[in-house]
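User: I'd like to learn how to read a few features of this model. Can we go through them one by one?

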Amino acid sequence: MINVREEIDEERRKRNGELTLVSAFAFMLSLVAFTWFYRHGDILLYGDAVAHLNIARRLTDAHMLGWRQFGTVWLPLPHLLVAPFVANDMLWQTGIGGSIPSMLAYILGVTGIYRLVRVRASVAAASVAAAIYAFNPSLLYMQSTAMTESIFFAAVIWAVVYFDEFLRGLFPGSQGAVAGIPAWKAIERCGLCLAAGILTRYDGWILAFIVGLCAVGASIRWLVSRPSQREIGRLLRSMIAFLLLLALCPMFWLAHNYRLNQRPLDWLNGPYSASAIEKRSSRPGDPPYPGKNHVVVAAQYFLKAARMNTGEGARENWLILLAVAGVLMSAFQWRRFGAMFLLWIPLPFYACSIAYGSVPIFVPEWWPFSYYNVRYGLELLPAIAVFVALIPWFVSRLQRSWLTITATVALLLVTLFAFSSSAWCFSKRSQDREWGRRWMTPICYREAWANGRGRQQLESQLAQSLSAITGDSTVLMYTGDHVGAIQKAGIHFDRIVSEFTPDAWEAALSAPFAGASYIVAVAGDPVADAVRLNPRGLTTVAVIHTFGKPEVKIYRGSRR
């Protein structure tokens, strides 16, 4: 018995050493990617990244501190993680404060992928999985920004890691390594990871529901083996805590929405929901976006985005086809690899979201030939990484070491060539940029560049004008579209009258000249409408024109 325990402890120390090396490798890769994109001024290209930064900033810098500053659409955990960093002016204005949690989550994700595959397969398979995940160019860009993808992926990956640990603890005779922690402790940690996912993205709600059902089913099956009353009592307490946590997190967010505006589903059917945005952006007579009310077409667009995030041109199908092969082989080893199939949940989720949830995806090669939500395709990256990486393990079953080594090296080379294809495709389309910058152009970066450069130009011009505002002067501005100008100008939010200061906002819109020292009106926004209805007492200070963007006017009011 002592020898078995010593062997388990030795195996645990060995794996901890491996995880330390993987974490160090991921840290270096993360830092290199961040440095590259930061030096080129690219970490604030996504408008959503800028919005996340400034929501987090308002938690410590606003007229009215409190839960109202979270808003009702984006879930709160990423903003809570970013808030301590962006409380510093330099980290806020540069965007670095939003990158730090994303980079840490990226490191956790790489380590989690390695651990998930390592305990069920082999070092070779785990190394391939970690490499596919870590070297993905789009993920390297996203983890350099304040976007929420890497945080959500880390939560999902570790939830699956601990759910797999839970299954190995319940059924120690199942294939794979012996559980490192008891089942009750594993399900508690799984619950914490799922709670993080629930409070990061709405995809996490579906994942938590499915994992909860699977956990209950596995527990009922375990009871058939007639464990001791002590074991039953310990697991029962953990399962109750697990299920309560999964139920309370969504209920908390629904209650928050209801408290703010009496609409618990404001993120689903409110003025800033996906359906409302679709209605505002579409014009009468426009055809519906591809996949609308058609789940098969929706799935095709999602899979296209997923493929383009792992390769482009002739190489875009390489990794997804290898992943399908891994799925087919793993189906015959369900008891060993069953938990990993949870990583495919984004496929039906996004197919239904596109078809029935007003969440379109546009890819540049299919109609309407543009970029929109292409980054959602990254959601399948963990699944692709894991199931491609299982191929060397299946090859190793043939008891030919040279075949295993060949398969591992071949998969790493395929991954390298597939990932490099996006850079090759882009360099042929855009010859006006230096070679090094073209080489680091994953599709998520191109999406951010295509949709964000005009906004950045406008915000830079506006920030230059706002920087001239000195002292304690207040600014009336709608922050739903161009809050990046406030960030670049370094104006603290306790000087901003916006939709997040509801009482002062309503009063200022009724009489803009008395609402603030300066008024920023962007054509078509609520402030511009208020100025058009009541221009009394306003003096034009500046007019800003940016190609393809609405006109911006800055007025001086009568308030000092």
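User: What should the 25 residues of helix α5 span at 1.5 Å a residue, and how far apart are its end C-alpha atoms?

Analyst: Ground rules before that: this is a predicted model, so local features need pLDDT of at least 70 and side-chain atom pairs pLDDT 80 or more, while totals for chains, interfaces and linings use all residues. Residues are numbered from 1 along each chain as its sequence is written, and side-chain values use heavy atoms, with hydrogens and water left out. Helices here are DSSP runs (H or I, at least four residues), numbered from the N terminus. The expected span is 1.5 Å times one less than the number of residues. For α5 (residues 96–120) that gives 36 Å, and the end C-alpha atoms are 37 Å apart, which agrees.

User: How many residues of α5 are buried?

Analyst: Buried means under 20% relative accessible area, exposed over 50%, and partly exposed in between (1.4 Å probe, protein chains only). In α5, 22 of the 25 residues are buried, so the helix is largely enclosed by the rest of the structure.

User: Which helices do the buried residues of α9 pack against?

Analyst: Contact means heavy atoms within 4.5 Å. The partners of those α9 residues are α8 (149–170), α10 (203–223) and α11 (229–261). The buried set of α9 includes A183, C190 and L194.

User: And N257 of α11, buried or exposed?

Analyst: N257 has 0% relative accessibility, so it counts as buried. Beyond residues up to four places away in sequence, it touches T72, Q262, R263, P264, D266 and W267.

User: At what angle do α2 and α3 pack?

Analyst: Two packed helices are described by the angle between their axes and the distance between the axes. Axes are lines fitted to C-alpha atoms, for helices over the stretch in contact, with angles from 0 to 180 degrees between N-to-C directions. Helices α2 (residues 47–58) and α3 (residues 77–86) meet at about 70°, their axes 8 Å apart. The contact uses H52, L53, I55, A56 and R57 from α2, and H79, V82, A83 and V86 from α3.

User: Which ring does R57 lie over?

Analyst: A charge sits over a ring if NZ of Lys or CZ of Arg is within 6 Å of the ring centre and within 35 degrees of the ring normal. R57 lies over the face of W92, 4.1 Å from the ring centre. Likewise, the charged end of R221 sits over the ring of F171, at 4.6 Å from its centre.

Key
Helices (H or I, at least four residues) and strands (E, at least two) are DSSP runs, numbered from the N terminus.
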